[in-house]
Amino acid sequence: MAVDRVPVLKRCRSLGMDPIYLGIDKKSNRELKRANRKVSEYGLQLREKQKAKFIYGVLEKPFRNYYAKASKMEGMVGQNLMILLETRLDNVIFRLGFARTRKEARQIVDHKHVLVNGKCVNIPSYLVKAGDTVEIREKSKSSQRYKDILEVTGGRMVPAWLEADQENLKGVVKELPTRDEIDVPVNEMLIVELYSK
């Protein structure tokens, strides 16, 4: 499995985004020293794609597959792409507040701590559907790790399309999110333009 070892704050600086979208409360004190050169249209499109891939922790090939799937769905391709990325199991665990970051959520799913509709699922890219119940398995619920996580994520807002029961480490996907409910600073139209060349 490919591992991204680039320091997170450095990557956030280069993409011009706030680390808070990754669940990280740190701020970088350094300024990005970039000459005032004009970024090409392709450069802007590429940066938006890299931003989306970085936020959701998706590599190029799976990201391209999501794009292909989104283009076959009804509606606007860019919005479909964002909805597909948002309904990944690791992202849902992060949104419910059962993990501090998406990387941690991915690890929780990998280590078989998550049940979807009562069945153990250890695939971070598993796409949840409306009506699915996502919960941390009984054996893991009592561990100190989740108490620490809930202390940190307790004040975090859970999106309207999810319903979280933090006491029992359980959540329900009420409906699929709309683009307005996804608070990720990505302009998906630029990604569509990049791939449709």
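Colleague: Why is Glu138 counted as exposed rather than buried?

Modeller: In this predicted model, Glu138 has a relative accessibility of 60%, and because exposed means over 50%, Glu138 counts as exposed.

Colleague: What makes Lys141 and Glu135 count as buried, although both take part in a salt bridge?

Modeller: Buried means under 20% relative accessible area; Lys141 stands at 18% and Glu135 at 14%, so Lys141 counts as buried and Glu135 is buried too.

Colleague: How do you know that Lys141 forms a salt bridge with Glu135, and what can be said of Glu138 and Lys141?

Modeller: The cut-off is a side-chain nitrogen of Lys or Arg within 4 Å of a carboxyl oxygen of Asp or Glu. The closest N and O atoms of Lys141 and Glu135 are 3.5 Å apart, and those of Glu138 and Lys141 meet at 3.2 Å, so both pairs satisfy the cut-off. Glu138 and Lys141 are three residues apart in helix H7 (residues 138-141), which means that about one helical turn separates them.

Colleague: What makes the pair Asp90 and Arg88 a salt bridge, and are these residues buried or exposed?

Modeller: Their closest N and O atoms are 3.0 Å apart, which is within 4 Å, so the pair counts as a salt bridge; Asp90 and Arg88 are both buried. A search of the whole structure finds 13 salt bridges, and there is also a network of them that links Lys49, Lys53, Glu60 and Arg64.

Colleague: Why is Gly16 called exposed, and where does Gly16 lie?

Modeller: Gly16 has a relative accessibility of 62%, and since the cut-off for exposed is over 50%, Gly16 counts as exposed. Gly16 lies in the loop between H1 and H2, and its C-alpha is 25 Å in space from that of Thr87, with the two positions 71 residues apart in sequence numbering.

Colleague: What makes helix H9 (residues 188-195) mostly covered?

Modeller: Six of the eight residues of H9 are buried, namely Glu188, Leu190, Ile191, Val192, Leu194 and Tyr195. What covers these buried residues includes helix H2 (41-56), helix H3 (60-72) and helix H4 (77-86).

Colleague: Which residues touch the most other members in the largest nonpolar core, and which helices supply this core?

Modeller: Of its 25 residues, Tyr56, Phe63, Leu81 and Leu85 touch the most other members. H1, H2, H3, H4 and H9 each supply at least two residues, and H4 gives the most, with five. A second, separate core has 22 residues, among them Ile93, Ala105, Val134 and Tyr146.

Colleague: What makes strand S2 (119-120) and strand S4 (162-165) edge strands?

Modeller: Five strands form an open sheet in the order S2-S1-S3-S5-S4, with antiparallel pairing, and S2 and S4 are its edge strands, since each pairs on one side only.

Colleague: How do you know that S4 and strand S5 (residues 170-173) pair?

Modeller: Pairing requires at least two bridges, and S4 and S5 have four bridges in the antiparallel sense, so the two strands count as paired. Within this pair, Leu162 stands opposite Val173 in S5.

Colleague: How confident is the predictor in the chain, and which elements have the lowest and the highest mean pLDDT?

Modeller: The chain averages a pLDDT of 87, and 93% of the residues score at least 70. Among the elements of the chain, helix H1 (residues 8-15) has the lowest mean pLDDT, 81, and H3 has the highest, 94.

How values were computed:
Residues are numbered from 1 along each chain as its sequence is written. This is a predicted model: local features need pLDDT of at least 70, side-chain atom pairs count only at pLDDT 80 or more; totals for chains, interfaces and linings use all residues. Side-chain values use heavy atoms; hydrogens and water are left out. Buried means under 20% relative accessible area, exposed over 50%, partly exposed in between (1.4 Å probe, protein chains only). Contact means heavy atoms within 4.5 Å. pLDDT is the predictor's confidence in each residue, from 0 to 100. A nonpolar core is a set of buried Ala, Val, Leu, Ile, Met, Phe, Trp, Tyr and Cys residues joined through side-chain atoms within 4.5 Å.
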